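User: I'm new to this one. Please take a close look at the largest pocket and talk me through it.

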Amino acid sequence: MSSRRILVLNGPNLNLLGTREPATYGHETLADVARLCAETAAAEGYEVDFRQTNHEGELLDWIHAARGAYAGVVINPAAWTHTSVALRDALVASELPVYEVHLSNVHRREAFRHHSYVSGIAVGVICGLGSQGYRAAISALIAHQGN
């Protein structure tokens, strides 16, 4: 039986969620998102390991350690979406299913946000649904486990 743990990762500046650009990112805090993720997973008998960092190397270390220990990864890479080949490579090396999440609709924003190094290796990409995107990604990852 595969792991019943899901790693939910959040990149830079998401620690400011709820106060940073609320017109774009909403008023919910990262703690609110963590609760939503835990509740969504628990309803299906899964646990969530929810983390955020502003340090790319730390994020990569977490992904490396996830290999074989989790059912999959839900990640909001934030700005690293558009800049980090290292993040993409670490996610591939994890050999875990990856779901990419963005609170805002990146395609309605600046042109540089339209490119993602993660999307091409992700099972699914969800953007523009606010915190509900995390719920959708966790649900999709759990459904994927049945395949």
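Analyst: Let's sort residues first: Ala, Val, Leu, Ile, Met, Phe, Trp, Tyr, Cys and Pro are nonpolar, Asp, Glu, Lys and Arg are charged, and the others, Gly among them, are polar. On that basis, the lining of the largest pocket has seven nonpolar, five polar and three charged residues. This is a predicted model, where local features need pLDDT of at least 70 and side-chain atom pairs 80 or more, while totals for chains, interfaces and linings use all residues. Numbering starts from 1 along each chain as its sequence is written, and side-chain values use heavy atoms, without hydrogens or water.

The pocket holds about 180 Å³ of space (an open set of points on a 1 Å grid over the protein atoms alone where a 1.4 Å probe fits, with protein on both sides within 12 Å along at least five of seven lines; lining residues have an atom within 4 Å of a point; the volume is what probe spheres on the points fill). In all, 15 residues line the pocket, and Y25, A78, A79, R109 and R113 are the closest to its centre.

Y25 is worth a second look. This residue sits in helix α1, residues 22-25 (a DSSP run of H or I, at least four residues, numbered from the N terminus). An unreviewed UniProt entry also marks Y25 and H102 as "active site", though such annotations may be inferred rather than shown by experiment. The pair is spread over 78 residues of sequence, yet clusters in space, with a largest C-alpha distance of 9.3 Å. And back to your pocket: Y25 and H102 both belong to its lining.

Key:
Helices (H or I, at least four residues) and strands (E, at least two) are DSSP runs, numbered from the N terminus.
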